[in-house]
Amino acid sequence: MPDQDLLDSSYYRPLFKLMHAMDQEIEKLYTSRGKSVRSRSVGPLISLSRFGPMSVKDLAIDREVSHSAMSQTVTGLAREGLVRLDPGEDARTRIVSLTAAGEEIAPLVRAEWRATESVLRALDAEIDQPIMRAVEAIRAALAERPFHDRLEEALETQLQQGMDS
């Protein structure tokens, strides 16, 4: 039997699909309570409820995402009436703060986050191969030899083999 063509593969797809399915289950929690909150909005809502108004840049740093991604999330939150955007110190800076609707939903969002973190930790302890142990092992391996270096070598091999079809 011939080897599978790697163009027909997506090795981490099952992991991405699992995470997407879990995100959908989280969103169902909100829907069942008559709320519409996207998973990507939860972190910023928590940060704003804990630390008060923040610039989009500081919010992005706090949640460890790009400025562009946070700007899109904040725009959605403003459209939903959960945050307000005010001018910052200069023309490029916007300050994000919770509206009354955002303040109202904050306790549910914080409780959901804690519940989700609790369930994930329990799930990881329940399985034979805890996913966080695998994540740490991958990080350690990449610290020894970065992904980029591995990718450059594999790409060169693919190019030499003429696998351009």
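In this predicted model, the side chains of Lys28 and Glu25 meet in a salt bridge, with 3.2 Å from N to O. Both residues belong to helix α1, where Lys28 and Glu25 are three residues apart, about one turn of the helix. Glu25 counts as partly exposed because its relative accessibility is 46%, which falls between the limits of 20% and 50%.

This pair is one of six salt bridges in the count. Another with the same spacing is found in helix α6, where Arg139 and Glu136 lie three residues apart, about one turn of the helix. The closest N and O atoms of Arg139 and Glu136 are 3.0 Å apart. Arg139 has a relative accessibility of 52% and therefore counts as exposed, the cut-off being over 50%. Its partner Glu136, with a relative accessible area of 43%, is partly exposed.

A further salt bridge links Asp86 with Arg84, again with 3.0 Å between the closest N and O atoms. Asp86 is partly exposed at 27% relative accessibility, and Arg84 is also partly exposed, at 42%.

The next element to follow is the sheet. Three strands form an open sheet in the order β1-β3-β2, and the pairing is antiparallel. β1 (54-55) and β2 (83-87) stand at the edges; each has a single partner strand, so one side of each is left without a neighbour in the sheet. β1 is joined to β3 (residues 94-98) by two bridges, and these two strands run antiparallel. In β1's pairing with β3, Ser55 is the residue that stands opposite Ile95. On the other side, β2 and β3 pair in the antiparallel sense over five bridges. Here Leu85 stands opposite Val96 of β3. The connection from β2 to β3 is a hairpin, made through six residues.

From the sheet, turn to a contact between two helices. Ser41 is found in helix α2, and Thr73 is found in helix α4. Ser41 has a relative accessible area of 4% and is therefore buried, since buried means under 20%. Thr73 is likewise buried, with a relative accessible area of 7%. Leaving aside residues up to four places away in sequence, Ser41 touches Thr73 and Leu77. With the same exclusion, Thr73 touches Arg40, Ser41 and Pro44. The contact between Ser41 and Thr73 thus joins a residue of α2 to a residue of α4.

Just ahead of α4 there is a backbone detail to check. Glu64 lies in the loop between α3 (56-63) and α4. Most residues other than glycine have a negative phi. Glu64 is not a glycine, yet its phi is positive, at about 60 degrees. Glu64 counts as exposed because its relative accessibility is 73%, against a cut-off of over 50%.

The last feature is the largest pocket, which holds about 1600 Å³ of space. Its lining consists of 38 residues, and those closest to the centre of the pocket are Met19, Met22, Glu117, Leu120 and Met132. Which helices each supply at least two residues of this lining? They are α1 (13-31), α2 (39-51), α4 (67-79), α5 (100-126) and α6 (131-144). Among these helices are α1, which carries the salt bridge between Lys28 and Glu25, and α6, which carries the one between Arg139 and Glu136. The helices of Ser41 and Thr73, α2 and α4, also contribute to the lining. Helix α5 gives the largest share, ten residues.

By residue class, the lining of the largest pocket divides into 25 nonpolar residues, four polar and nine charged. Among the residues closest to the centre, Met19, Met22, Leu120 and Met132 fall in the nonpolar class, while Glu117 falls in the charged class.

Definitions and conventions
Residues are numbered from 1 along each chain as its sequence is written. This is a predicted model: local features need pLDDT of at least 70, side-chain atom pairs count only at pLDDT 80 or more; totals for chains, interfaces and linings use all residues. Side-chain values use heavy atoms; hydrogens and water are left out. On a 1 Å grid over the protein atoms alone, a cavity is a set of points where a 1.4 Å probe fits but cannot get out, and a pocket is an open set with protein on both sides within 12 Å along at least five of seven lines; lining residues have an atom within 4 Å of a point. Grid points are joined across faces, edges and corners, and a volume is the space filled by probe spheres set on the points. Helices (H or I, at least four residues) and strands (E, at least two) are DSSP runs, numbered from the N terminus. A salt bridge is a side-chain nitrogen of Lys or Arg within 4 Å of a carboxyl oxygen of Asp or Glu. Buried means under 20% relative accessible area, exposed over 50%, partly exposed in between (1.4 Å probe, protein chains only). Contact means heavy atoms within 4.5 Å. Two strands pair if DSSP finds at least two bridges between them.
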